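Thanks, everyone. Let me put the sequence and the model up on the screen, and then I'll walk you through the parts I find worth a look.

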Amino acid sequence: YDKKDDLPEEVVDRVIGEAEDIGTRVFIVIGGEPFRWEPLFRVIKRHPHSVFQVFTNGSMITDDVADRIVRLGNLAPAFSIEGLKARTEARRGPGSHEVVLAGMERLRDRGGLFSYSAMATRENLDEIIGDEFVDLMIEKGALYGWYFAYIPVGLNPDLAYMPTPEERNRLRAGVN
């Protein structure tokens, strides 16, 4: 990852301001890992009447970052998680599940607003809509969750993970 390709802070700030001028007040920030972008907190602070949902792997949610998020009051992280420990670590690496849960706990303990984000595949669909996972997310303090169906893209897309129409309907309905 080369930071030379990042949009300059002034450009991001200007675009947000222009969007606010026409009535937009909710902004979704995705990465890579958005918390690695050093100007993030400064930009969000300059737009206190808007809300920023920042998708994160949780690796940068330290005590200091959690405190800053809560002080801002208009930043709501969405923690990317694939399900329970084994599934999350199979996709995101060893220790990643604990990192996500620790970030959630830091925000929960400070009264911060956050959600979780789970990509539904044929492999994890039952797990991410199951009681054990949803109860864990509630216990950790997530106030809502995002579910995205895996959609294969590219020149040679792999359809093996794409939920079937029946599975997508179960995801929509939230039933195992």
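Let's start with Ile-128. This residue is buried, and its relative accessible area is 0%. Keep in mind that this is a predicted model.

So where does Ile-128 sit? You'll find Ile-128 in helix α6, residues 125-128. Now look at what Ile-128 touches once residues up to four places away in sequence are left out. The list is Glu-82, Gly-83, Ala-118, Met-119, Ala-120, Phe-133, Val-134 and Tyr-147. One more pair here: Arg-87 and Ile-128 are 41 residues apart in sequence, and their C-alpha atoms are 9.9 Å apart in space.

Pick Glu-82 from that contact list. Glu-82 is in the loop between β3, residues 75-80, and α4. Is Glu-82 buried or exposed? Buried, because its relative accessible area is 5%, and the cut-off for buried is under 20%. Glu-82 touches Arg-87, Thr-88, Arg-91, Arg-92, Met-119, Asn-124 and Ile-128, again not counting residues up to four places away in sequence. Take Met-119 from that set. Along the chain, Glu-82 and Met-119 are 37 residues apart, and 6.3 Å separates their C-alpha atoms.

Another charged residue, Lys-140. Its place is in helix α7, which covers residues 131-140. Lys-140 is buried too, with a relative accessible area of 9%. What does Lys-140 touch, not counting residues up to four places away in sequence? Leu-101, Met-104, Glu-105, Arg-108 and Phe-114.

Let's zoom out to the whole protein. We have 8 helices and 5 strands. Read from the N terminus, the order is α-β-α-β-α-β-α-α-β-α-α-β-α. The radius of gyration is 17 Å, and the globule rule gives a close value, 16 Å, for 176 residues, so the protein is as compact as a globular protein of that length. Along the principal axes, the C-alpha trace spans about 45 × 40 × 35 Å. Of the 176 residues, 42% are buried. And the contacts? Take those with a separation of 6 or more: 69% of them come from residues 24 or more positions apart.

Next, the core. The largest nonpolar core holds 37 residues. Which of them touch the most other members? Phe-35, Ile-61, Ile-69, Met-104 and Met-137. Met-104 should sound familiar, as a contact of Lys-140. Let's stay with Phe-35. Leaving out residues up to four places away in sequence, Phe-35 touches Leu-40, Phe-41, Val-54, Thr-56, Met-60, Ile-61, Val-65, Ile-69, Leu-75 and Pro-77.

On to the pockets. The largest pocket has a volume of about 530 Å³. It is lined by 22 residues, and Val-12, Val-29, Ile-30, Pro-34 and Trp-37 are the closest to its centre. Three elements give two or more residues to this lining: α1 (9-21), β1 (26-29) and α2 (40-45). Which one gives the largest share? That is α1, with 4 residues. By class, this lining has 16 nonpolar, 2 polar and 4 charged residues.

The second largest pocket has a volume of about 330 Å³. Here 15 residues form the lining, and the closest to the centre are Phe-55, Ser-80, Arg-91, Arg-92 and Ser-117. Arg-91 and Arg-92 came up a moment ago, as contacts of Glu-82. At least two lining residues each come from β2 (51-56), α4 (85-92) and β4 (115-120). The most come from β4, with 3 residues. The class split in this lining is 5 nonpolar, 6 polar and 4 charged.

Last stop, some glycines. Gly-31 and Gly-32 are joined by a cis peptide bond, with omega at about 5 degrees. Gly-32 lies in the loop between β1 and α2. Then there is Gly-23, in the loop between α1 and β1. Gly-23 is exposed, because its relative accessible area is 53% and exposed means over 50%. How far apart in space are Gly-23 and Pro-34? They are 24 Å apart, C-alpha to C-alpha, and 11 residues apart in sequence.

That's my tour. Happy to take questions.

Technical notes: Residues numbered from 1 in each chain as written. Predicted model: local features only at pLDDT ≥ 70, side-chain atom pairs only at ≥ 80, totals over all residues. Heavy atoms only, no water. Core = buried A, V, L, I, M, F, W, Y, C linked by side-chain atoms within 4.5 Å. Buried < 20%, exposed > 50% of the residue type's maximum accessible area, 1.4 Å probe, protein only. Contact = heavy atoms within 4.5 Å. 1 Å grid on protein atoms, 1.4 Å probe; cavity = no way out; pocket = protein on both sides within 12 Å on 5 of 7 lines; lining within 4 Å. Points joined across faces, edges and corners; volume = space filled by probe spheres on them. Rg over C-alpha atoms; globule rule 2.2 N^0.38 Å.
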